[in-house]
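User: I'd like a close look at one part of this protein, and then a walk outward from there into its surroundings. Here is what I have in front of me.

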Amino acid sequence: MLTIYQWVEGSLREVVTPDGPCWINLADPSSEEILRVQTLTGVSREFLSDPLDRDERPRLDVDDDGTVLIVVHVPYHEPNENLHPFNTLPLGVVHTANAVITVCNRPTPIAASFLDQIRRVCPPEQKFRFTFHLLWHAAILYLRYLRDIRQRADLVEQELHETISNEGLIRLLNIEKSLVYFTTSLKADDILLSRIRTTRQLDIDEDDLDVLEDVRVEYQQALEMASIHSNILTGTLDAFASIISNNLNNVMKFLTSMTIVLTVPMLLASVFGMNTWLPFAKSGPFGFLAIVGVALLLVAVTVIFFSRKRFF
């Protein structure tokens with residue numbers, strides 16, 4: 001999908017053909033849309049196709065003609081995905097002479113939130129400030145999704161406190177995977193923002209650097225929150241694993257104790273089942289009752305012993 005915006009009367013308005021500085025948003029673009037953007041801006045195809053790779057890492061690239069490519073990882077939420085509802089994907093921001101181009105392999109809510117909040121929007125000709133405001137919205141989206149993840153984890157933990165189930169543990173594991181994706185991407189994004197601030201290849205004025213510093217603060221806050229949630233969730237999974245192991249040990253102790261208790265009368269019965277002379281052999285019913293009484297006495301002694309050892 002290709003969308004072009006221009007700054008008109010203090011806000012971004014969608015246009016068909018730009019006649020000046022503009023913002024070009026490519027979301028899951030076709031080959032024809034990429035070719036059209038190349039024709040309009042003269043940017044190389046690699047700068048438009050590299051961010052479409054799901055494995056592309058955050059990086060900064062400056063071409064010989066002054067074209068700048070910034071690749072960051074942004075969050076996205078897939079409501080219909082049960083395994084990994086939260087994940088990250090690359091977003092490319094390309095600076096050309098008269099345009100800011102954003103490229104992503106799928107639509108993200110960052111563009112919509114960017115257009116809705118006029119306070120954090122500026123004309124596309126202010127390329128770096130425009131880009132930093134866009135990244136600020138990505139950081140806010142990280143924070144929002146992290147709060148959602150924490151709430152989901154709390155609900156699953158409450159369910160597991162009542163009944164430990166495989167489904168609940170798998171849901172917690174999937175949430176932990178989402179936090180790992182977020183933490184990894186935020187660390188790489190923070191390194192990239194630090195490089196943008198210190199590199200000499202970009203001519204960024206002081207006001208825009210102040211905006212970049214605000215963006216870094218939001219990213220660092222999101223990184224800290226993701227790390228804390230990930231550590232808590234890891235500890236929670238370890239605690240549930242210990243509980244499951246402890247419950248299994250208790251079951252094994254109980255079954256072992258019951259086996260020993262049942263073995264005592266079986267051993268006595270097997271001895272008196274031998275085809276040889278034994279005590280009470282000629283005592284008739286009284287001998288049988290005596291043997292049963294001795295077996296019950298031994299069972300009682302065994303049960304008392306294991307009860308004191310807390311095997312039951």
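How do the residues of the lining of the second largest pocket divide into nonpolar, polar and charged?

Analyst: Keep in mind that this is a predicted model. The lining of that second largest pocket divides into 14 nonpolar residues, four polar ones and one charged one. The space inside comes to about 190 Å³. Of the 19 residues that line the pocket, N25, A27, T108, A111 and A112 are the closest to its centre. Two or more lining residues come from each of β1 (2-8), β3, β7 and α3.

Let's stay with β3 for a moment. Strand β3 covers residues 22-27 and holds W23, while helix α4 holds F130. Those two form an aromatic pair with an edge-to-face arrangement, 5.5 Å centre to centre and 65° between the planes. They are 107 residues apart, so the pair links distant parts of the chain. Both rings sit out of reach of solvent by the numbers: W23 is buried because its relative accessible area is 1%, under the 20% cut-off, and F130 is buried too, at 0%. Y5 joins W23 and F130 in one aromatic cluster.

Just past β3, in the loop between β3 and α1 (31-41), you'll find D28. Its backbone is worth a glance: phi of D28 is near 50°, a positive value in a residue that isn't glycine. As background, most residues other than glycine have a negative phi.

Helix α4 turns up again in a second aromatic pair. Here F86 in strand β6 meets Y145 in helix α4, 59 residues apart, which again links distant parts of the chain. This pair is tilted, with 5.4 Å between centres and 55° between the planes. F86 and Y145 are both buried. In total there are six aromatic pairs.

Now for the nonpolar packing. The largest nonpolar core has 59 residues, and I70, F132, L172, I196 and Y219 have the most contacts inside it. Two or more of its residues come from each of β5, β6, β7 (99-104), α3 (109-116), α4 (127-162), α5 (166-198) and α6 (206-272). Helix α4 gives the most, with 17 residues. That fits a general pattern: in soluble globular proteins, nonpolar side chains tend to be buried together.

Take I70 as an example of how such a residue is surrounded. Leaving out residues up to four places away in sequence, I70 touches R59, L60, L91, G92, V93, T131, L192 and I196. There's also a second, separate core of 16 residues, which includes C22, V37, L69 and I101.

Not everything tucked away is nonpolar, though. D189 in helix α5 counts as buried because its relative accessibility is 1%, under the 20% limit. Beyond its sequence neighbours up to four places away, D189 touches P58, V72, H73, Y142 and Y219. The C-alpha atoms of D189 and V71 are separated by 8.8 Å, although the two residues are 118 places apart along the chain.

For a contrast, look at E78, in the loop between β5 (68-77) and β6 (86-95). E78 is partly exposed because its relative accessible area of 23% falls between the 20% and 50% limits. Setting aside neighbours within four places in sequence, E78 is in contact with P85 and R106.

Terms used:
Residues numbered from 1 in each chain as written. Predicted model: local features only at pLDDT ≥ 70, side-chain atom pairs only at ≥ 80, totals over all residues. Heavy atoms only, no water. Helix = DSSP H or I, 4+ residues; strand = E, 2+ residues; numbered from the N terminus. Buried < 20%, exposed > 50% of the residue type's maximum accessible area, 1.4 Å probe, protein only. Contact = heavy atoms within 4.5 Å. Core = buried A, V, L, I, M, F, W, Y, C linked by side-chain atoms within 4.5 Å. Phe/Tyr/Trp six-rings, centres within 6.5 Å; stacked < 30°, edge-to-face > 60°. 1 Å grid on protein atoms, 1.4 Å probe; cavity = no way out; pocket = protein on both sides within 12 Å on 5 of 7 lines; lining within 4 Å. Points joined across faces, edges and corners; volume = space filled by probe spheres on them. Nonpolar A, V, L, I, M, F, W, Y, C, P; charged D, E, K, R; others polar.
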